Amino acid sequence: RLQGDWSSDVCSSDLRLSGPNGRADEAAVIGVGSNGKASNDVPKPPAFKDFVSVSIADDAGKGRFAQVMRSNGKAQSWNLVVESDQDGEGVLQWPGMSSLPKRVRLTITDMQTGVTSDLRSAAGIKVALRAGSVSRYRVSVATDVTRKLAVSYLHSEPGGRANGSYT
């Protein structure tokens, strides 16, 4: 679920991990805002038996958080940690990203393989869950306020007049 529009004062997005046996973790939120600072981060509660977990790691890679807000800026990133006490395949999802403005680019990078995916064009990625081990990902957001002019419709009329639209 996307809240805000990444250009407003506060914008956030939920991350969801589903795993084997119907387990799911929907308690990870990343976002940006004018008041985004570490004191607003929400710690992730410990996991219990039969769990899948997606959390946001602090920059040192030690703390685990359910919510991390960053201050507004052109580029930001969050380090995700995916873990489970079960082996199997999971799916990491980010609902609502297709509605992002075109000038916002959100990507997720698998830190083990280096493969990067665009969050706007994919609803999720498959993740291999291994009991007792973690998988690491990085979500990055960048905004481009200097988009090039794109002519999407142009019609010329006799006499040198034209009409159309541009963005």
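1. In this predicted model, Gln86 touches Pro20, Asn21, Arg23, Asp50, Phe51, Leu129, Arg130 and Ala131, residues up to four places away in sequence not being counted. Gln86 itself lies in the loop between β7 and β8 (88-93). Its relative accessible area is 9%; because buried status requires a value under 20%, Gln86 is classed as buried.

2. The largest nonpolar core comprises 26 residues, and Leu92 and Ile108 have the most contacts inside it. At least two residues of this core come from each of the following strands: β2 (10-18), β3 (24-33), β5 (52-57), β6 (64-71), β7 (75-84), β9 (104-110), β11 (124-129) and β12 (134-143). As a general background, nonpolar side chains in soluble globular proteins tend to be buried together.

3. The surroundings of Ile108 merit a separate entry. With residues up to four places away in sequence left out, Ile108 touches Leu80, Leu92, Trp94, Val115, Thr116, Ser117, Leu119, Ile125, Tyr137, Arg138 and Val139. Leu92, one of these contacts, is named together with Ile108 for the most contacts inside the core.

4. Arg136 belongs to strand β12. Its relative accessibility is 33%; since the partly exposed class lies between under 20% and over 50%, Arg136 is assigned to that class.

5. Beyond its neighbours within four places in sequence, Arg136 is in contact with Arg64, Leu80, Val81, Thr109, Asp110, Met111 and Gln112. For Asp110, the C-alpha separation from Arg136 is 6.4 Å, with the two residues 26 apart along the chain. Leu80 appears among the contacts of Arg136 and also among those of Ile108.

Methods: Residues are numbered from 1 along each chain as its sequence is written. This is a predicted model: local features need pLDDT of at least 70, side-chain atom pairs count only at pLDDT 80 or more; totals for chains, interfaces and linings use all residues. Side-chain values use heavy atoms; hydrogens and water are left out. A nonpolar core is a set of buried Ala, Val, Leu, Ile, Met, Phe, Trp, Tyr and Cys residues joined through side-chain atoms within 4.5 Å. Buried means under 20% relative accessible area, exposed over 50%, partly exposed in between (1.4 Å probe, protein chains only). Helices (H or I, at least four residues) and strands (E, at least two) are DSSP runs, numbered from the N terminus. Contact means heavy atoms within 4.5 Å.
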